[in-house]
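Colleague: I am new to this structure and would like to go through it slowly, with the reasoning spelled out at each step. Could we begin with a single residue pair and work outwards from there?

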Amino acid sequence: MTDLTKLLQCKMPLAAWIIDVEHSSVPWCNDAAEQLLVDSLGEIHSGRRIISDTLKERLSLCLGAVEEGKTLAFNWPFISKNGTRYNCTGSVISLGDERKGLSVEARPVVLPSAPQHDQDAGLLRQFKTLSFVIFDMDCVCVESSDAFKTHFGDIRHVRDLFAVSGAANSFISRISKQENLSQEIMLSALDGVRWHRIEVSKNALTNKIYLLAHDIQEERDHEVALYRLNNYDSLTNLPNRNLLYQQLESALINARKRQREFGILYLDLDGFKVINDNFGHRVGDELIQRVAERIKASIPSGACLYRLGGDEFVVVLENTHAIEELENIATSIMQNASNTYPVAKMEMMITASIGIASYPSHADDVDNLLKNADAAMYRAKSTGHNLYFVYENKMADNINAHLTLGGGLRKAIDEEEFVLHYQPKIRLPDEAVVGAEALIRWLHPELGMISPDQFIPLAEESGLILPLGEWVIRRACRQLQAWREAGYPPIKLSVNLSSRQFMQADLVDMVQRILQETGVDSEYLELELTESMLMADAQQSIEKLHGFRKLGLTLSIDDFGTGYSSLAYLKKFPIQTLKIDRSFIHDLGLDSDNDAIVKATVAMANSLNLKVIAEGVESRAQVDVLNSYKCQEVQGYLFSKPLCSHEFALYMDTHGFSNLSASIEADYV
Ligand SMILES: Nc1nc2c(ncn2[C@@H]2O[C@@H]3COP(=O)(O)O[C@H]4[C@@H](O)[C@H](n5cnc6c(=O)[nH]c(N)nc65)O[C@@H]4COP(=O)(O)O[C@H]3[C@H]2O)c(=O)[nH]1
């Protein structure tokens, strides 16, 4: 039970308590019951309230009747020590351990037993601390308690209790038809219109109407607060997962009944974790608020936006006719959401990946609809961010793989299921081995060897790339050191950095620490970065790259030509190497456009004093063309696939380094 619920229960004007019949005790009661029971029900033994044996016997019989299915709830009268009559209603509840107890509520009975004037006076005395009023049959006020006057003021007619005449009319009409009335209603008190719970009794003998009013506004406020707490996201004020499920369930019922369609868009912000990690949660929260406003402004008025938590949102659109309606919403969100956000004096950019699923085409229940939209979203994310995808059956397989790999990844880091493989880098034209690229592999206990293309995006998404990336750098340095200690000629080893890793605030310090720890000379470590990684925030990249240069590392731009780097910026980045992407090398000699690009890139790099390496070289013809363009280094299957450290040593043995004879493996620590 939440604290708020507890508080609410204590605020209830009706006395309520729980009886543990088997143990003859009252384990819980609210404030009103505490007052009522103080000397009326049971005695206190060692701090526990105990009910009498007679009551226990009676209640056991009642519980027995419930168990036999004869009744669900039962009533019994109760007279307090000051003579007030109450009607107690008990319903059966579970107390755990298969024990049953009773939840009891006591309502005061206001019907007088005899038509005498002193009876009214007695009632007024009895209820003097409560808002109690007596009307004649024309609803004119006859008398009221002091508490009533303090709360409602001097009223002449029952109408004066209502702020709106319509509400007064309907109340009068109901009381004319009914003997007793118990309801929650808004009444006009001295400090405003407030919610009340009223108990009304009409007595034909005395020709009077007795009304007892409890102010339950505070209780209502708590209920509203509790409702908001449970159903709305406090950061964005958007409805949350609870309300989403409620709307989806009701949309499903409507759609089934009327043979209609509805659909959802599942949104996940791209790279939000990076922002949170780098700029802190306060900035992250502010960005989420701005994004939520932007998404809300991008969807039609009939659609509803929910925040599932974190950076996940769902849009629901009921009564759709074609999938294009959902696709149009996705396009509109993507267009608006990707504009910059002024957050914490910065201009931030963030995009969203969106998955779409519709009832009945893609699922016929709520859980599968959400699951399939999530699968489509995951597809959008893994394809390239700021995209939307409509669900297709085969996506379910991907998401399963995603979950299995994602879950296993954390464990794999703990249990060190990773190894590095090394692909030789060959100098042209003498074709000597001058370096290697370290490439990670996951040796999955069940799935076998998993390629980095499959798990690096998962590691990026989950943030696990940070510990994993650190492991790669440490492992690569240890291997370099192991080769050096074994007397191998020094080679340059390059490691790949992922974009998230590159944004890591203490990256330069971390690399410096590893170099010190392993004793590797920094000139033998090269970092491979992609163009898009550097261009995401060019100014910050330049600073970070200078930090690495100060340490003495070499820097290389990987996949050159696939991104959108400008020559102007390239000159500003303190880099030493350009690596031409293998997509350009693949058709070398076959596609004149590619040839021209490669030739121009090599010429440009030479003029900027940068070394050029071509990756993905698979044929002798490609080597010849690259040689003629004056490309300095190559890497590719023609020379060798990536090799484990043992095979790499053998490769070195047979390709230029005669003293590489032993197989050397650094410790996997
Ligand atoms: N078709 C063809 N492919 C060739 C040839 N020569 C090399 N390759 C492959 O091309 C990829 C080169 O690495 P990359 O472009 O940096 O692309 C890498 C890199 O972006 C990423 N990656 C690998 N290891 C790491 C790592 O430790 N950290 C990070 N952040 N990313 C890594 O995963 C990508 C894929 O790595 P791999 O599967 O090992 O794939 C490697 C390599 O096996 C060839 O002649 N033909």
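Colleague: Which residue of β26 does Phe560 stand opposite?
Modeller: Please keep in mind that this is a predicted model. Phe560 belongs to strand β25, which covers residues 554-560, and the neighbouring strand β26 covers residues 577-580. In β26, the residue that stands opposite Phe560 is Ile580.

Colleague: How many bridges join β25 to β26, and in which sense do the strands run?
Modeller: The pair Phe560 and Ile580 has already shown us one place where β25 faces β26. The two strands run parallel, and the number of bridges that join them is 3.

Colleague: Which residue in β25 is the bridge partner of Thr530?
Modeller: Strand β25 also pairs with β24, a strand made of residues 525-530, and this pairing is in the parallel sense over 5 bridges. Thr530 therefore lies within the residue range of β24, where a strand is a DSSP run of at least two residues. Its bridge partner in β25 is Asp558.

Colleague: How many residues of β25 are buried?
Modeller: A residue counts as buried if 20 or more other C-beta atoms lie within 10 Å of its own. By that criterion strand β25 is mostly covered, and the number of its 7 residues that are buried is 6.

Colleague: Is Thr518 buried or partly exposed?
Modeller: Thr518 is found in helix α17, which spans residues 507-518, and it touches Cys477, Arg478 and Gln481, leaving aside residues up to four places away in sequence. Being buried takes 20 or more other C-beta atoms within 10 Å. Because Thr518 has 19 C-beta neighbours inside 10 Å, it counts as partly exposed.

Colleague: How far apart in space are Thr518 and Ala482?
Modeller: Along the sequence, Thr518 and Ala482 are 36 residues apart. In space, from C-alpha to C-alpha, their separation is 9.6 Å.

Colleague: Why is α10 described as oblique to α11?
Modeller: Helix α10, residues 281-298, and helix α11, residues 323-337, pack with their axes 9 Å apart and at an angle of about 140 degrees. Only angles over 145 degrees count as roughly antiparallel, and 65 to 115 as roughly perpendicular. The angle of about 140 degrees falls in neither class, so α10 is, relative to α11, oblique.

Colleague: What is the handedness of the crossing, and how many nonpolar residues does the contact of α10 with α11 have?
Modeller: The crossing of α10 past α11 is right-handed. Among the residues that meet are Val291 and Ile295 in α10 and Ile333 in α11. By class, the contact has 3 polar and 1 charged residues, and the number of nonpolar ones is 5.

How values were computed
Residues numbered from 1 in each chain as written. Predicted model: local features only at pLDDT ≥ 70, side-chain atom pairs only at ≥ 80, totals over all residues. Axes fitted to C-alpha atoms, helices over the stretch in contact; angles between N-to-C directions. Helix = DSSP H or I, 4+ residues; strand = E, 2+ residues; numbered from the N terminus. Parallel < 35°, antiparallel > 145°, perpendicular 65-115°, else oblique. Left-handed = near helix turned anticlockwise from the far one by under 90°. Contact = placed C-beta atoms within 7 Å. Nonpolar A, V, L, I, M, F, W, Y, C, P; charged D, E, K, R; others polar. Buried ≥ 20, exposed ≤ 12 C-beta atoms within 10 Å, placed from the backbone. Pairing = 2+ DSSP bridges.
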